[in-house]
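Hi,

Here is the structure I promised to send over. Have a look at it first, then read on for what I found.

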Amino acid sequence: MRNSVTPIFEYPKYWAECYDTSPFLPTSREEMDQLGWDSCDIIIVTGDAYVDHPSFGMAVIGRTLEAQGFRVGIIAQPDWQDKKAFMALGQPNLFFGITAGNMDSMINRYTADKKIRHDDAYTPDNKGGMRPDRAVLIYTQRCKEAYKETPIVLGGIEASLRRLSHYDYWSDKVRRSVLCDSKADILLFGNAERALVEVAHRFAKGENAASMSRIAGTAVMLKNAPEEMTEVDSSRIDKPGKSMVLPNPYATETACETKKDDEPKPIMVRPPRHDAENSYVRLPSFEKLVNDKVLYAHASRVMHLEANPYSARALIQKHGERELWVNTPPIPLTTEEMDYVFGLPFARVPHPKYGDAKIPAYEMIKTSVNIMRGCFGGCSFCSITEHEGRIIQNRSKESILNEIEDIREKVPGFTGVISDLGGPTANMYRLGCSDPRAEQNCRRPSCVFPKICEKLNTDHKHTVDLYRSARELPGVKKVVIASGVRYDLAIESPEYVKELVTHHVGGYLKIAPEHTEKGTLDLMMKPGMGAYDRFKELFEKYSKEAGKKQYLIPYFIAAHPGCTDDDMLNLALWLKENDFQCDQVQNFYPSPMCNATSMYHSETNPLKRVKYKKREELFVAKGEIQRRLHKALLRYHDPANWPIIREALTSMGKRHLIGDREGCLIPREGSEAEMAALQRRGSNRPGTKRFATKHPNQPDIRKPQGQGKGAKGKPVGNGQRPVSGKPKAQGASKPQNGSRPAGSKPGASKPTSSRPSGAKNRPSGNRSRSAAR
């Protein structure tokens, strides 16, 4: 049974536990000599600088293995062109552990426009170019050159999200599993402490990777599929396996709803129709996916339906003559196991070899605390659920408070401010399904979309209690919540919103509506703007009661799959209507494995059953010009974007939105408003002077002249939000999902700013969106 797992702290210790705990895991032979080691049992190769902090993957994995009795060394950011750099600590007795670092190396090195970055927050002094493209592949190759017979274990975000055949944005093609390309021995996906501890102890007993084919949270290459298990063939669209008979991903195999009769009836939970322990699902082969985009959407849908660690089936996918075997997702860590991991003896600072160099990612999170893992939001553009899972893994309040005290004692220059208590999302701590049996059988990709599940516990009392206890600790002056807040959950608990706004907002709070248009929001699996308006009302109400001037920071995504030019224009008009001038915007970034990346590649909606005929085709903004237009509309206020917006409005038949009248989006060319704006900017060259985010409530902001009012809650143009220019039908029904009808005014009064000075994202791994949803 999958519930019968050995807690990670109950394994017998390896013989090397006789050595004392290392102040830092050694990075050189000299440090090994000081510890009295003649060799390392396990060597971790990472693309990040070595920071001994629980927000950095190599530190968590290294300390976890050290606690099991193994001697662990770190090779951080080696020269990938020279195998000698990978021999710095000698040959490991058991295996090399390879990770690209806290981010996918391609996302780390390239922008959403595929332009190379010249900085790297995980490198001393923010220096770029210290890791290769596709770092997992390159590091594995160098390790094999150095010590050919040494086993190699892949892990981390890059390996996790590339465990299956996947669309690769940078090469614009479907690539093989990274395990197949690297020729490593075994791949660990997700937060892998449980699988890693088992793998390490089995290697220590003399086993090889071939004998470890059935460990949850791992993937291996096999010659043949297991004969003792039943295959469910989902390799074709015309004859899908049983997992595909559902009309949509929300018609789950768990009956979570009651019938709307006069008398309430108990909710019945049906067991799964398949034998998850003894069956597996066959995905389309890599070779078939390369040239069939619709089949790719089908494969993505099947994979996402097999995500529940308690009821999912293993996946198999042919790569040439071999079979890629992906076991079921790892069983989430218990609270006791989470406390064990985060209670390990982290130094909480970078390795001394970096001297006075600053590592931006560390500076950002050095006084923050990760209180949970996972996300049940299921946003289609985000990879968190595919990596960390949908079931929230929580630490105890005592463990969290102990870490805050540890920060107080260990972090140099601690000022009494805790910069964050959060994780992927700030307010999912100790939330989850109220029915354990339903949770173990549910196949829904999201617990909050299209509406919040009736079985989901949304009581924020534990979070409120944690906040209050943290504030009372000696030496703690303030606790700021910097992780993004899931506002559709927050409005279910006004007490939480009041606590947050009154005590834990540092002037700004970031939330992520992502868009305003229902069609795009549905594809994002995000709530409608009605939930945003309600949260904004509560935020402003409690800020006023606390006597504070505080602002919301809304994030938006441009060029999301399914978002049309009209959708982006409607969003731009909403921003203008609400006096937003956004500085912090981004184009959709197709990271591996997430649903929206499947939409981007296939131009098909994988959230519904995929068919060759009568499939739901999607408009996808591709190419530099189209994506640049969508991003420009988010920054409608920047004069550098006005030429491309004018051209687009003209081609769309929306020239009435160009001019100096009230309701126009941008001024006409050569107008006084344009000249004044260009003069304020300093030049008409893009990028000459960066625009700070503006909002009229800020005292240093002067409203540009001649661009129309479009503010104070007044409607733009003729009062119609739709850019088609057609009047809204009389008696139009209110959109579902909490969205406002097009053309309606916001439910709250003044809007808020869009960028804080110092709103920071936790470096907890690669996401399509760095903010929480």
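A contact here means heavy atoms within 4.5 Å. With that in mind: of the contacts between residues at least 6 apart in sequence, 77% join residues at least 24 apart. Please keep in mind that this is a predicted model.

Some overall numbers next. The protein has 773 residues, and buried ones make up 61% of them. Its secondary structure amounts to 24 helices and 23 strands. The accessible surface is about 30700 Å², with 49% of that belonging to carbon and sulfur atoms.

Now to the ten-stranded sheet. This sheet is open, with mixed pairing, and its strand order is 2-1-3-4-7-8-12-11-10-9. Strand 2 (72-76) and strand 9 (230-233) are the edge strands; each has a single partner, so one side of each is left without a neighbour in the sheet. On average, neighbouring strands of this sheet are turned by 25 degrees against each other, direction ignored.

Helix 7 (residues 193-204) packs on this sheet, where it touches strand 1, strand 3, strand 4, strand 7 (186-188) and strand 8 (218-222). The direction of helix 7 makes about 150 degrees with that of strand 7.

Strand 3 (residues 95-99) is a good place to zoom in. How many of its five residues are buried? Five of the five are, so strand 3 is largely enclosed by the rest of the structure. Both of its faces are covered, with F95, G97 and T99 buried on one side and F96 and I98 buried on the other. Strand 3 pairs in the parallel sense with strand 1 (residues 42-46) over five bridges, and T99 in strand 3 is the bridge partner of T46. Strand 3 also pairs with strand 4 (residues 152-154), again in the parallel sense, over three bridges; there I98 stands opposite L154 in strand 4.

For an antiparallel pair in the sheet, go to strand 11 (residues 314-319) and strand 12 (residues 322-326), which are joined over five bridges. Q317 has L324 in strand 12 as its bridge partner.

There is also a sheet of three strands further along. This one is open too, with the order 21-22-23 and parallel pairing. Strand 21 and strand 23 (586-587) sit at its edges with a single partner strand each, so one side of each lacks a neighbour in the sheet. Strand 22 (residues 551-558) and strand 23 form a parallel pair over two bridges, and A558 has N587 in strand 23 as its bridge partner. Helix 19 lies across strand 21 and strand 22, running at about 165 degrees to strand 21.

Helix 19 (529-545) turns up again around helix 17. In helix 17 (residues 494-503), the buried residues are Y496, V497, E499, L500 and V501. Their cover includes helix 15 (461-471), helix 16 (487-490), strand 21 (508-514) and helix 19.

Last, a helix pair. The axes of helix 22 (residues 624-634) and helix 23 (residues 642-651) come within 9 Å and cross at roughly 105 degrees. The two helices are therefore roughly perpendicular to each other. On the helix 22 side, I625, R628, L629, A632 and L633 take part, and they meet I644, I645 and A648 of helix 23. The residues of this contact divide into seven nonpolar, no polar and one charged.

Cheers

Definitions and conventions. Residues are numbered from 1 along each chain as its sequence is written. This is a predicted model: local features need pLDDT of at least 70, side-chain atom pairs count only at pLDDT 80 or more; totals for chains, interfaces and linings use all residues. Side-chain values use heavy atoms; hydrogens and water are left out. Buried means under 20% relative accessible area, exposed over 50%, partly exposed in between (1.4 Å probe, protein chains only). Helices (H or I, at least four residues) and strands (E, at least two) are DSSP runs, numbered from the N terminus. Two strands pair if DSSP finds at least two bridges between them. Axes are lines fitted to C-alpha atoms, for helices over the stretch in contact, and angles run from 0 to 180 degrees between N-to-C directions. Accessible areas come from the Shrake-Rupley method with a 1.4 Å probe; for residues, only the protein chains shown count as cover. Angles under 35 degrees count as roughly parallel, over 145 as roughly antiparallel, 65 to 115 as roughly perpendicular and the rest as oblique. Ala, Val, Leu, Ile, Met, Phe, Trp, Tyr, Cys and Pro count as nonpolar, Asp, Glu, Lys and Arg as charged, and the others, Gly among them, as polar.
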